[in-house]
Amino acid sequence: MRIIKIINSSPLFKSSLKKNINLFMWLLLIFVLGSFLSVYPTKLLGDIINLLSTEESINSVKKVILMYVFIRIISLSITILGKYLQEYISSNLECELRVKSVDETIKMDMAEFEKIQSTQFVSRIFEAISQLVSAIINIITWLGKSLTTLIFTFYFLFKIDAEITLAFIPLIPCMAILTKIISSKKKALSKKEAEKSGFVKDFIQEIVSSFKEIKVYNCSKWILGKYDDLENQWKNARI
């Protein structure tokens, strides 16, 4: 896709990614901290059970319970902060890349610009930038949430019962394969939905650019029927 080629080849886009590297690292750090705080309370529940079974003093149990509640509150706050920062990064990066993509487009000569289908340009540039930003966020999410949650979970399980934890290790490849299959299917469905959405946007642009011709040839009903079909195709791609 020509738009992706522009994004990948332009130093302006690369500079945008480099400029936001600190925000990426902060988001990764928040995700790692959130993963730890989501797993650690499970260990505290085990500690509470152990204290109750060994008839420890009620004060010891209360301290662990208070720590459990405190960590849950902090975990919720970190989760909210992470979601806000993720949305902040995504929105600002998409906006910045769109502005720079228009700047790059304006600098094209006529011969190169004519190779782009003008009715599809808007949907293509939006889709390409959205895919780029989503890919970056997905990598950070996988490293900061999925991977670290798995590591912390097995670490605490190993401290509780090493034999049971070791017994679960052979299941990890099976879980990874299953996750890969589900992810691939979800990606295929998302790609199909994005393609159908692009067709809808392109058709709306064609309606606007050909409005006079539609009125002259009195083909409004046919246009509306065609548009309704495209909307149904998009809806079916999402279901």
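## A walk around the largest pocket

Let's start with the residues that line the largest pocket: 13 are polar, nine are charged and seven are nonpolar. Keep in mind as we go that this is a predicted model.

How much space lies in the largest pocket? It holds about 1,000 Å³. To see how such a space can be found at all, picture a probe the size of a water molecule rolling over the atoms, which shows where empty space is left. In this protein, 29 residues form the lining of the largest pocket. If you would like to find its centre on the structure, look for S130, Q131, S134, N138 and S190, which lie nearest to that point.

Which helices supply the lining? At least two residues come from each of α4 (58–106), α6 (118–160) and α8 (171–209). Of the elements that contribute, α6 gives the most, with 14 residues.

Since α6 has our attention, let's stop at one residue found in this helix, T148. Is T148 buried or exposed? Its relative accessibility is 12%, and because buried means under 20%, T148 counts as buried. Now look at what its side chain does. It makes a polar contact with the side chain of S35, at 3.2 Å. The side chain of T148 also reaches back to the protein backbone, where the oxygen of K145 lies at 3.4 Å. If we set aside the neighbours within four places in sequence, the residues in contact with T148 are V32, S35 and L143. S35 therefore turns up twice in the story of T148, as a polar partner and in this list of contacts, where a contact means heavy atoms within 4.5 Å.

Next, step back to the whole protein. There are 10 helices and zero strands, so reading the elements from the N terminus on gives α-α-α-α-α-α-α-α-α-α, with helices and strands taken as DSSP runs. Buried residues, T148 being one of them, make up 27% of the 239 residues. How far apart in sequence are the residues that meet? Among contacts between residues at least 6 apart, 80% join residues at least 24 apart.

Finally, a word on cysteines. How many disulfides are there? The count comes to zero, because a disulfide needs a pair of cysteine sulfur atoms within 2.5 Å. Two cysteines you can look up are C95 and C219. C95 is partly exposed, with a relative accessible area of 46%, and C219 is partly exposed as well, at 24%.

How values were computed
Residues numbered from 1 in each chain as written. Predicted model: local features only at pLDDT ≥ 70, side-chain atom pairs only at ≥ 80, totals over all residues. Heavy atoms only, no water. Buried < 20%, exposed > 50% of the residue type's maximum accessible area, 1.4 Å probe, protein only. 1 Å grid on protein atoms, 1.4 Å probe; cavity = no way out; pocket = protein on both sides within 12 Å on 5 of 7 lines; lining within 4 Å. Points joined across faces, edges and corners; volume = space filled by probe spheres on them. Helix = DSSP H or I, 4+ residues; strand = E, 2+ residues; numbered from the N terminus. Nonpolar A, V, L, I, M, F, W, Y, C, P; charged D, E, K, R; others polar. Polar contact = N/O pair within 3.5 Å; in protein donor to acceptor, adjacent residues only side chain to side chain.
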